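Trainee: I'd like a close look at one part of this protein, please, and I'd like to learn how to read it step by step.

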Amino acid sequence: MEYLISIVLGIIQGLTEFLPVSSSGHLELAKFILGDDSIGTQSILMTVVLHFGTALATIIFFRKDILDIITNLFSKEEKSSIPFASKIVISMVPAAIIGILFEDQIDALFSQNIRLVCGMLIVTAVLLWLADKAKTSNKGVTYMDAIIIGISQAIAIMPGISRSGATISTSTLLGVDREKAARFSFLMVVPLIFGKMAKDLLDGDFNQSDTNLLALGLGFVAALITGFFACKWMITLVKNAQLKYFAYYCLIIGLGGITYTFLQ
């Protein structure tokens, strides 16, 4: 049963990391529905491993973009990628500060607080609905945009607020081209995930004697595979302005979840 739960959580993470419906919120809901009562380090460990799977999926999907950025950064002639890379770094700052200063408070949010998760899903629905109404443009991400989008990413640390939904919605509301918004949104999270992984390794959070490596591995593979295809699908959806359907989904899940908690 543990292995099945790991695979299900991996698939949910892979799909919802890129689709704007909140991966963290759906993982909390899935743990609640599946009766996964793991808390603390073990639950956080699974969450981090699943996020690592989707981060790797992002790297594989955008491998050409990432390689071009790295190559240009170290090239003496071509420096066109420096502004874009700088904006990625700037966008990371708000989430990094929040993550460092309020780590314990953030961890406490991931305790299957279903009303909080569902409430934040409703917030996500509103953001997606507004973004879908935004005008189409060819504008790229400016430095000020990067700061504002970074703040959205920091807020999306809360379970139930979609990171991709918040950052893409913020970008489109700022007038950024939809495809550029999706590309920036997916690339900006990769350094943060690997930074989180490095911090957990240094803190010793992975050195648990009761860790089931096979279960973690199954979840990782499931997140990697589904994440790759979800990333490709999401870019197409953003370009075609079809975020409103995810807004309806988040609204239904959010209202349904809150209603369920009051009936218990």
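Trainee: Please walk me through the part around helix α10 and its partners. To begin with, how near to each other do the axes of α10 and α12 come, and at roughly what angle do they cross?

Mentor: Happy to! Keep in mind that this is a predicted model. The axes of α10 and α12 come within 8 Å of each other, and they cross at roughly 150°. An angle over 145 degrees counts as roughly antiparallel, so α10 and α12 can be described that way. Their crossing is right-handed. On the α10 side, the residues that make the contact are Arg178, Glu179, Ala182 and Phe186, while α12 brings Cys231, Met234, Ile235, Val238 and Lys239. Sorted by type, these residues are six nonpolar, no polar and three charged.

Before going further, it helps to step back. The protein has 13 helices and zero strands, and 48% of its 264 residues count as buried. Among contacts with a separation of 6 or more, 83% are between residues 24 or more positions apart. The accessible surface comes to about 12800 Å², with 69% of it belonging to carbon and sulfur atoms.

Now turn to another partner of α10, helix α9. Here α10 covers residues 178–188, and the axes of α9 and α10 come within 9 Å, crossing at roughly 140°. That angle makes α9 oblique to α10. The crossing of α9 and α10 is right-handed. Arg163, Ser164, Thr167, Ile168, Ser171 and Thr172 in α9 meet a set in α10 made up of Arg178, Ala181, Ala182, Ser185, Phe186 and Met188. This contact divides into five nonpolar, five polar and two charged residues. Here is a handy rule for reading such lists: with 3.6 residues a turn in an α-helix, residues three or four places apart point the same way. It is worth following a few residues from one contact to another. Arg178, Ala182 and Phe186 of α10 meet α9, and these three residues also take part in the contact with α12.

How covered is α9 itself? It is mostly covered, with ten of its eleven residues buried. The buried ones include Gly165, Ala166, Ser169 and Thr170. Looking outward from these buried residues, you will find that they pack against α1 (2–18), α7 (114–132), α8, α10 and α12 (213–239). Just after α9, Gly175 takes a positive phi of about 95°.

Helix α8 is another of those partners. It spans residues 143–155 and packs against α9 at an angle of about 155°, with the two axes 8 Å apart. That angle makes α8 roughly antiparallel to α9. The crossing of α8 and α9 is right-handed. In α8 the residues involved are Ile148, Ile149, Ser152 and Gln153, and they meet Arg163, Ala166, Thr167, Thr170 and Ser171 in α9. Counted by type, this contact has three nonpolar, five polar and one charged residue.

Arg163 deserves a pause. It lies in α9, which covers residues 163–173. Arg163 counts as buried because its relative accessibility is 13%, and the cut-off for buried is under 20%. Leaving out residues up to four places away in sequence, Arg163 touches Glu17, Gln153, Ala156, Ser185, Phe186, Met188 and Val189. Gln153 is one of the α8 residues that meet α9, while Ser185, Phe186 and Met188 belong to the α10 side of its contact with α9.

Between α8 and α9 there is a loop, and Ile157 sits in it. With 23% relative accessibility, Ile157 counts as partly exposed. Setting aside neighbours within four places in sequence, Ile157 is in contact with Ala95, Ile98, Ile106 and Phe110. Ala95 is 62 residues away from Ile157 along the chain, yet their C-alpha atoms are separated by 7.7 Å.

Finally, return to α12, where Gly217 is found. Gly217 is partly exposed, having a relative accessible area of 30%. Gly217 and Ser6 lie 211 residues apart in sequence, and 8.5 Å apart in space from C-alpha to C-alpha.

So, as you look at the picture again, start at α10, find α12 across the roughly 150° crossing, and then trace α9 at roughly 140°.

Definitions and conventions:
Residues are numbered from 1 along each chain as its sequence is written. This is a predicted model: local features need pLDDT of at least 70, side-chain atom pairs count only at pLDDT 80 or more; totals for chains, interfaces and linings use all residues. Side-chain values use heavy atoms; hydrogens and water are left out. Helices (H or I, at least four residues) and strands (E, at least two) are DSSP runs, numbered from the N terminus. Buried means under 20% relative accessible area, exposed over 50%, partly exposed in between (1.4 Å probe, protein chains only). Contact means heavy atoms within 4.5 Å. Accessible areas come from the Shrake-Rupley method with a 1.4 Å probe; for residues, only the protein chains shown count as cover. Axes are lines fitted to C-alpha atoms, for helices over the stretch in contact, and angles run from 0 to 180 degrees between N-to-C directions. Angles under 35 degrees count as roughly parallel, over 145 as roughly antiparallel, 65 to 115 as roughly perpendicular and the rest as oblique. A crossing is left-handed if the near helix is turned anticlockwise from the far one by less than a right angle, and right-handed if clockwise. Ala, Val, Leu, Ile, Met, Phe, Trp, Tyr, Cys and Pro count as nonpolar, Asp, Glu, Lys and Arg as charged, and the others, Gly among them, as polar.
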